[in-house]
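The following exercises concern burial and packing inside a protein. Please consult the sequence and the structure while working through each one.

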Amino acid sequence: MSFLSATLSRVKPSPTIAVTTKARELKAAGKDVIGLGAGEPDFDTPDNIKEAAKAAIDRGETKYTAVDGLPELKAAICAKFKADNGLDYTPAQVTVGTGGKQVLYNALMATLNPGDEVIIPAPYWVSYPDMVLLAGGTPVIVEGGPETGYRITPEALEAAITPKTKWFIFNSPSNPTGAAYTRAQLKALTDVLMRHPHVWVMSDDMYEKLVYGDYVFCTPAEVEPGLYDRTLTCNGVSKAYCMTGWRIGYAAGPAPLIKAIGTLQSQSTSNPCSIAQWAALEALTGPQDFIASNNAVFQRRRDMVVEMLNAAEGVDCPVPEGAFYVYPSIAGCIGKTSAGGAKIADDEAFATALLEEKGVAVVFGAAFGLSPAFRVSYATSDAALKEACARIQEFCAGLR
Ligand SMILES: Cc1ncc(COP(=O)(O)O)c(C=O)c1O
């Protein structure tokens, strides 16, 4: 019998972290590699946030805090939900964790029993299905392909709901596609959920602030107030505030669920880092103008990358509304052979050959549950993106 738990055998390591690690190793070995796998902004944390952390250290804010967040930070999170989303929450309805990832994980661990189903639209953020499996639940995947702009239809959602459905995980703008639902598209989904009162909604709004053009962000509990009592609205400071390493995420929802999440956290990690919480408070309450300037850079890069990828043979890249990812379909490349002799049987083979022959690291679509495609993160320099897209064009031109 294995020393390792049976639970662990149900999950796999994060494939996005694996790609980033492989690219880093190749680079360290002296290879000319451009990594497009990163799930984090290439911008540094703003100075005012760093200063708030330094001041917290100097004030001696270096002890345990309340398990699910400093009162000051919880108050700021309530104010954020009111101002940005029109949602009223009290501090007892708010939990703060070590990154959005821990908050989502805690919520699933606190609620899932064996046999419980969780509906996850694909392509999905790689961690959702594995977190559901770790918590003993069953992921139910609903595909939303390029033909619907990587969104699921209300009909597909309705068809996936069973008496065992516990959660519907909603992520807009999406990792990996960048696609976001308009208010009308989201309302069509919430109308379905209103007909199934046993289904709860976990809305992962991590990319709320990273939206471009005239797209206006919306979230389920705001679009359909009838869902407020069964929605957990999750967010964090990692992406918009360039704070991935600080590890602060948060969520708001019904107080009994928030209390259960706190119980779990009290027996696992206790509170999130005290210093990072003070930094997050400054992020939420300090100047916000850098977000618009970062977004202007992201939007320019998105437009360049979409244009260059669409110029590659066999590649079809929709224009996403948000996040910092694009998710081109490569249906036109499958079945061909690369200039280096690799048979492109699927998107994993495409990504492997692209890395080996052209030194460009992307994450293959199967990792996100929808093939054939790959994910590009454009959270890297304009020069690197331009060179990487040119190499992708060359690689595709070499396919026979
Ligand atoms: C969709 C989505 N949700 C949640 C997270 C987790 O973010 P955090 O760094 O706050 O744990 C990520 C990070 O990649 C993400 O892409």
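Three exercises with worked solutions follow, all based on a predicted model.

**Exercise 1.** Determine whether helix α11 is largely enclosed or not, and identify what covers its buried residues.

*Solution.* Begin with the extent of the helix: α11 runs over residues 274–285, and its 12 residues reach 17 Å from the first C-alpha to the last, close to the 16 Å expected. Next, list the buried positions, which are S274, A276, Q277, W278, A279, A280, L281, A283 and L284. Because 9 of the 12 residues are buried, α11 is largely enclosed by the rest of the structure. Finally, the cover over these residues includes the helices α3 (47–58) and α4 (71–85) as well as the strands β2 (94–97) and β8 (249–252).

**Exercise 2.** Describe the largest nonpolar core and the surroundings of L309.

*Solution.* The largest nonpolar core has 77 residues, and L108, L232, L309 and F350 have the most contacts inside it. Helix α14 (residues 382–397) supplies the largest share of this core, namely 7 residues. Apart from this core lies another, of 30 residues, with A56, A221, M243 and W278 among them. Turning to L309, and leaving aside neighbours within four places in sequence, its contacts are V315, C317, V326, P328, F374, V376, C389 and I392.

**Exercise 3.** Is R301 buried or exposed, and which residues does R301 touch?

*Solution.* First, locate R301 in helix α12 (residues 289–310). Its relative accessibility is 5%, so R301 counts as buried, the cut-off being under 20%. Not counting residues up to four places away in sequence, R301 touches D42, F43, Y378, A379, T380, S381, D382 and L385.

Key
Residues numbered from 1 in each chain as written. Predicted model: local features only at pLDDT ≥ 70, side-chain atom pairs only at ≥ 80, totals over all residues. Heavy atoms only, no water. Helix = DSSP H or I, 4+ residues; strand = E, 2+ residues; numbered from the N terminus. Expected span 1.5 Å × (residues − 1). Buried < 20%, exposed > 50% of the residue type's maximum accessible area, 1.4 Å probe, protein only. Contact = heavy atoms within 4.5 Å. Core = buried A, V, L, I, M, F, W, Y, C linked by side-chain atoms within 4.5 Å.
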